[in-house]
Amino acid sequence: SDLQHLKKDTLFDVVSIEESIEFGQRIGKFKVEYQAADGSWKKFDEGTTVGAKRLSRKSPVKSSKIKKQIYE
């Protein structure tokens, strides 16, 4: 899993996920979570293939921590 710390709480509604397709499409599943104000982790989006780039768009959320989990 890849945890990203933002400098401060940020309002966002899209997360970009990319993979180097020069090695072939290897991501089989992904999950993006954000840390809510109460400290719990909430699902932002999940899905299957990513390809060169996938934009996950959802209702706006506010957080300073985002976690991406990638599975082959």
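This text walks through the fold of the chain, then its salt bridges, then one exposed lysine.

The model is predicted. Its chain holds 4 strands and 0 helices. Read from the N terminus, the order of elements is β-β-β-β. Three of these strands return below: S1 covers residues 2–18, S3 covers residues 41–47, and S4 covers residues 53–71.

Start with the overall dimensions. Along the principal axes, the C-alpha atoms occupy a box of roughly 40 × 20 × 20 Å. The chain has 72 residues, and 32% of them count as buried. Its accessible surface is about 5000 Å². Carbon and sulfur atoms contribute 45% of that surface.

Now consider how the chain meets itself. Take the contacts with a sequence separation of 6 or more. Of these, 70% join residues 24 or more positions apart.

Charge comes next. The chain carries 15 positive and 11 negative charges. The mean positions of the two sets lie 4 Å apart. Across the whole structure, 7 salt bridges are found.

One of them pairs Lys68 with Asp2. Their closest N and O atoms are 3.8 Å apart. The pair ties together distant parts of the chain, with Lys68 in strand S4 and Asp2 in strand S1. In sequence, 66 residues separate them. How exposed or buried is each partner? Lys68 has a relative accessible area of 16%, so it is buried, since the limit for that class is under 20%. Asp2 reaches 36% and is therefore partly exposed.

Another bridge joins Lys58 to Asp45, with 3.6 Å between the closest N and O atoms. This pair also links distant parts of the chain. Lys58 sits in strand S4 and Asp45 in strand S3, 13 residues apart. Here the lysine is partly exposed, at 41% relative accessible area. Asp45 is buried, because its relative accessible area is 11%.

A third bridge connects Glu46 and Lys43. Its closest N and O atoms are 3.1 Å apart. Both partners fall in the middle class of exposure. Glu46 is partly exposed, with a relative accessible area of 37%. Lys43 is partly exposed too, at 49%. That value stays within the class because exposed begins over 50%.

Salt bridges also form a network here. Its members are Lys31, Glu33 and Lys67.

Finally, turn to Lys8. It lies in strand S1. Is Lys8 buried or exposed? Lys8 has 61% relative accessibility, so it counts as exposed. What does Lys8 touch beyond its neighbours within four places in sequence? Its contacts there are Ser63 and Ser64. Ser64 is 56 residues away along the chain, yet the C-alpha atoms of Lys8 and Ser64 are separated by 5.3 Å. Lys8 is thus a useful place to look at how strand S1 meets a distant stretch of sequence.

Two sites in the model, then, bring S1 up against residues far along the chain. At one, Asp2 of S1 bridges to Lys68 of S4. At the other, Lys8 of S1 is in contact with Ser63 and Ser64.

Technical notes
Residues numbered from 1 in each chain as written. Predicted model: local features only at pLDDT ≥ 70, side-chain atom pairs only at ≥ 80, totals over all residues. Heavy atoms only, no water. Buried < 20%, exposed > 50% of the residue type's maximum accessible area, 1.4 Å probe, protein only. Contact = heavy atoms within 4.5 Å. Salt bridge = Lys/Arg side-chain N within 4 Å of Asp/Glu carboxyl O. Areas by Shrake-Rupley, 256 points an atom, 1.4 Å probe, with all protein chains shown as cover. Lys, Arg positive; Asp, Glu negative; His and termini not counted. Charge placed at Lys NZ, Arg CZ, Asp CG, Glu CD.
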